[in-house]
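Please open the model in your viewer and keep the sequence panel beside it. The tour below suggests what to select at each stop and says what is found there.

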Amino acid sequence: MKDYSEKRDFQRMQVNSEIEITDSQGNRFTGVCRDLSAAGMQLHVERKVAVGEELQTVLRPTSDQFPPLETVCEVIRCEPDGEGFLLGTNISEVTR
């Protein structure tokens, strides 16, 4: 039996990088991608985002060796976190 730390289907990778976000109304804003897995991301943003909202994201690498990661994701959780909000998202599509 897996212990609790191994119950996730995909490992999380700590990122802590700026991410560009566009909501379904075309509003653009930035946040910080705190962690990333094959199925989702955890984002810290300054404004509340509705659960169920579809977001387009662009995560640019710190090196020119890799292309940006562009995704479409759905917000599944939005919780207050300090002076902003912590979003849990499911990645529905990797567009690049």
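What volume does the second largest pocket have? In this predicted model, the second largest pocket has a volume of about 180 Å³. To see its walls, select Met 13, Val 15, Ser 17, Leu 36, Leu 59, Arg 60, Pro 61, Thr 62, Pro 67, Pro 68 and Leu 69, which together line the second largest pocket. If you colour this lining by residue type, you will find eight nonpolar residues, two polar residues and one charged residue. Strand 1, residues 13-22, gives the largest share of the lining of the second largest pocket, namely three residues.

Next, step back to the whole chain and show it as a cartoon. The protein chain has six strands and zero helices, so that reading along the sequence gives the pattern β-β-β-β-β-β. Of the 96 residues of the protein chain, 38% count as buried, and the chain exposes about 6600 Å², of which carbon and sulfur atoms supply 46%. Among contacts between residues at least 6 apart in sequence, 45% join residues at least 24 apart.

Now select strand 3, residues 40-45. Is strand 3 largely enclosed or left open by the rest of the structure? Six of its six residues are buried, that is, each has under 20% relative accessible area, and therefore strand 3 is largely enclosed by the rest of the structure. Show its side chains as sticks: Gly 40, Gln 42 and His 44 point one way from strand 3, while Met 41, Leu 43 and Val 45 point the other way, and all of these are buried. In a regular strand the side chains alternate between the two faces of the sheet.

Keep strand 3 selected and add its partners. Strand 2, residues 28-36, pairs with strand 3 in the antiparallel sense over four bridges, and a hairpin of three residues joins strand 2 to strand 3. With strand 6, residues 84-94, strand 3 pairs in the antiparallel sense over six bridges. Met 41 is a useful residue to centre on, since Met 41 in strand 3 is the bridge partner of Leu 36 and also stands opposite Thr 89 in strand 6. Leu 36 was met before, as one of the residues lining the second largest pocket.

Move on to strand 4, residues 54-59, which runs antiparallel to strand 1 and is joined to it by four bridges. Six bridges join strand 4 to strand 5, and these two strands also run antiparallel. Centre the view on Gln 56 in strand 4, which is the bridge partner of Thr 22, and then look for Val 72 in strand 5, which is the bridge partner of Gln 56 as well.

Two single residues complete the tour. Select Asn 16, which is found in strand 1; Asn 16 has a positive phi of about 50° although it is not a glycine. At 53% relative accessibility, Asn 16 counts as exposed, because the cut-off for that label is over 50%. Then select Gly 82, in the loop between strand 5 (69-81) and strand 6. Gly 82 is exposed, with a relative accessible area of 79%. If you draw a distance from the C-alpha atom of Gly 82 to that of Glu 46, the two atoms are separated by 9.6 Å, although the residues lie 36 residues apart along the chain.

Conventions:
Residues numbered from 1 in each chain as written. Predicted model: local features only at pLDDT ≥ 70, side-chain atom pairs only at ≥ 80, totals over all residues. Heavy atoms only, no water. Buried < 20%, exposed > 50% of the residue type's maximum accessible area, 1.4 Å probe, protein only. Contact = heavy atoms within 4.5 Å. Areas by Shrake-Rupley, 256 points an atom, 1.4 Å probe, with all protein chains shown as cover. Pairing = 2+ DSSP bridges. 1 Å grid on protein atoms, 1.4 Å probe; cavity = no way out; pocket = protein on both sides within 12 Å on 5 of 7 lines; lining within 4 Å. Points joined across faces, edges and corners; volume = space filled by probe spheres on them. Nonpolar A, V, L, I, M, F, W, Y, C, P; charged D, E, K, R; others polar.
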